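Please look at the structure below. This report follows a helix, the core it joins, and a few unusual backbone sites.

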Amino acid sequence: MTTVQSLADLEKIRAQALYRRQQENESGRIQITVGKCTPSLATGGNATLKTILDFIAAHNLENITVNQTGWMGMDSFEPIIKVEIAGQPIVIYGNVNATAARRIMEEHVLGGKIVPDYHIEFA
């Protein structure tokens with residue numbers, strides 16, 4: 001564990017973290033975050049997560065990281081997933097059941113096209 005004893009130490013840690021993040025982005029990594037709050041669980045969030053993980057395994061995809069998080073602030077859209085593909089805008093999808101998750105994985109993650117039926121746009 002790194003001990004921070006000065007502002008210079010903190011700046012060094014920050015620079016290292018930014019460098020690692022940049023390397024991940026440049027390597028084409030994909031990050032998918034699945035909301036796992038109570039409303040998500042009540043509306044099928046576990047099936048959504050399982051579908052995503054099964055899809056990744058079935059297609060032997062190695063450049064995808066799947067994370068779980070708590071409440072994402074939009075109960076009426078649960079289950080929610082966030083798709084981050086290096087070099088592209090972050091996309092939030094709502095009401096993602098197992099069928100929608102499979103479609104998002106096929107069309108957006110593999111195909112590069114946002115799935116408008118589930119896309120949540122912010123003004």
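In which loop does Pro79 lie? Pro79 lies in the loop between β2 and β3. Helices (H or I, at least four residues) and strands (E, at least two) are DSSP runs, numbered from the N terminus. A cis peptide bond joins Glu78 to Pro79, with omega about -5°.

This is a predicted model, in which local features need pLDDT of at least 70, side-chain atom pairs count only at pLDDT 80 or more, and totals for chains, interfaces and linings use all residues. Residues are numbered from 1 along each chain as its sequence is written, and side-chain values use heavy atoms, leaving out hydrogens and water.

**Helix α4**

Helix α4 spans residues 98–110, 13 residues in total. From first C-alpha to last it reaches 17 Å, close to the 18 Å expected at 1.5 Å a residue. That expected span is 1.5 Å times one less than the number of residues. A kink of about 30° is centred on Ile104. The bend at a residue is the angle between axes fitted to the seven residues ending there and the seven starting there.

Asn97 caps the N-terminal end of α4. One of its side-chain oxygens lies 3.2 Å from the backbone nitrogen of Thr99. After α4 comes Gly112, with a positive phi near 80°.

The buried residues of α4 (under 20% relative accessible area, 1.4 Å probe, protein chains only) are Ala100, Ala101, Ile104, Met105, His108 and Val109. Their cover includes β1, α3, β2, β3 and β4.

**The core**

A nonpolar core is a set of buried Ala, Val, Leu, Ile, Met, Phe, Trp, Tyr and Cys residues joined through side-chain atoms within 4.5 Å. The largest one has 20 residues. Ile32, Ile52, Ile81, Tyr93 and Met105 have the most contacts inside it. β1, α3, β3, β4 and α4 each supply at least two residues of this core. Its largest share, five residues, comes from α4.

Met105 touches Ile32, Ile52, Phe55, Ile56, Ile64 and Leu110, not counting residues up to four places away in sequence. Contact means heavy atoms within 4.5 Å.

**Positive phi outside glycine**

Asn60 and Asn95 each have a positive phi without being glycine. Exposed means over 50% relative accessible area, and partly exposed lies between 20% and 50%.

| Residue | Phi | Loop | Relative accessibility |
|---|---|---|---|
| Asn60 | about 50° | between α3 and β2 | 62%, exposed |
| Asn95 | near 55° | between β4 and α4 | 39%, partly exposed |

Note on methods: A polar contact is a pair of N or O atoms within 3.5 Å; within protein, one must be able to donate a hydrogen and the other to accept it, and residues adjacent in sequence count only if both atoms are side-chain atoms.
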